[in-house]
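Reader: Could you take me through one part of this model up close? I'd like a connected walk, starting from a single residue and working outwards.

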Amino acid sequence: MYTVEITKMAEAMGLTLITPEVNIEGRVITEPEVNRPALQLAGFFDYFNYERVQIIGNVEHAYCSQMEDKGAEVFDKLFSFKLPCVVYCRDIEVTDIVKEAAVRHDIPIFQTSKSTTDFMGEIIRWLKVELAPRISIHGVLVDVYGEGILITGESGIGKSEAALELIKRGHRLVADDVVEIKKVSDATLIGSAPEVTRHLIELRGIGIIDVKALFGVESVKNTQQIDLVIRLEDWNKDKEYDRMGLEDKYTEYLGNKVVCHDLPIRPGRNLAIICESAAVNHRQKKMGYNAAQELYRKVTENIMKGGQK
């Protein structure tokens with residue numbers, strides 16, 4: 001199970017803690033979804049998702065303001081669950097009754113000026129990334145023309161050298177050697193570098209170089225969606241390589257399929273230019289144009305015309 005600290009969430013979302021008596025250090029969130037406790041404020045606690053961040057907006061606050069003497073009892077019951085935290089939106093004033101119940105049950109309450117809908121959308125997106133399933137693989141991730149290219153292959157085959165050449169050609173490094181991959185949705189994989197190796201490249205014979213220091217901040221990027229995988233391998237004259245590319249081949253990470261090209265390595269091949277071409281070609285395919293299929297169509301039409309003569 002993946003977790004994210006409440007202090008990190010509060011900093012990222014710009015939240016203000018209005019119950020300073022409650023210690024939030026070391027507390028974590030485990031659920032990427034949120035909950036608006038409308039039914040719970042009405043006294044219905046069946047199927048209550050108390051593990052989620054609880055959000056209170058104008059509707060909940062207006063209902064609570066009409067409770068009169070029952071307010072203390074309802075919030076005492078609500079806070080008896082082990083809630084990670086409660087967030088009041090639109091800078092809604094939190095009553096002393098609510099604060100006292102929260103402090104009594106050791107539940108932190110935060111406040112934000114954002115509207116309830118905007119805040120919910122923002123925090124759900126953030127939590128889904130922070131709590132996404134993840135793996136670490138050996139490879140290099142670069143941003144080439146906006147396409148995330150994950151370069152994999154055996155150690156020493158030339159992944160870092162290809163990345164360095166791409167950086168010199170104006171593209172951006174995301175991760176070298178170790179790539180952390182997060183599954184943020186069934187269609188999206190996000191790659192990043194471990195903090196300790198971020199912006200660094202290892203070159204055999206030279207050592208570690210700091211890409212950000214050498215080439216500037218425009219040469220690096222912290223995260224990138226993975227759009228294409230290029231798998232480097234030694235040239236095998238007995239292996240049949242795809243020369244047309246009529247159909248895409250895929251590899252799988254965390255259950256998500258990503259287009260993958262097997263690229264044989266041979267002296268004289270410029271890996272950087274090949275990666276650039278692969279990135280542009282992949283973008284063309286996403287826009288509906290496939291050069292291989294267009295060639296196949298033209299050849300087929302010529303054959304049919306020749307047969308009709």
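Author: Let's start with K257: leaving out residues up to four places away in sequence, K257 touches Y250, T251 and E252, where contact means heavy atoms within 4.5 Å. Before going on, keep in mind that this is a predicted model, in which local features need pLDDT of at least 70, side-chain atom pairs count only at pLDDT 80 or more, and totals for chains, interfaces and linings use all residues. Residues are numbered from 1 along each chain as its sequence is written, and side-chain values use heavy atoms, with hydrogens and water left out.

K257 sits in strand β17; strands here are DSSP runs of E with at least two residues, numbered from the N terminus. With 62% relative accessibility, K257 counts as exposed. The cut-offs are these: buried is under 20% relative accessible area, exposed is over 50%, and partly exposed lies in between, with a 1.4 Å probe and protein chains only. Along the chain, K257 and L228 are 29 residues apart, and their C-alpha atoms are separated by 9.9 Å.

Now for the partner strand. β16 and β17 (residues 256-265) pair in the antiparallel sense over four bridges; for two strands to pair, DSSP has to find at least two bridges between them. One bridge to look at joins T251 of β16 to V258 in β17. Between the strands of this hairpin there are two residues, and L254 takes a positive phi near 55 degrees.

What about the two faces of β16? T251 and Y253 make up the covered face, while Y250 and E252 are on the uncovered one. That fits a general pattern: in a regular strand the side chains alternate between the two faces of the sheet. So of the residues K257 touches, which include Y250, T251 and E252, T251 belongs to the covered face and Y250 and E252 to the uncovered one.

Step back along the chain and you reach M244, in the loop between β15 (228-234) and β16 (250-253). M244 counts as partly exposed because its relative accessibility is 42%. Together with L246, L295, Y296, V299 and I303, M244 makes a nonpolar surface patch of about 560 Å². Patch members have over 30% relative accessible area and no salt bridge; like charges are joined within 9 Å, and nonpolar side chains (Val, Leu, Ile, Met, Phe, Trp, Tyr) within 5 Å. A salt bridge here is a side-chain nitrogen of Lys or Arg within 4 Å of a carboxyl oxygen of Asp or Glu. The areas come from the Shrake-Rupley method with a 1.4 Å probe, and for residues only the protein chains shown count as cover.
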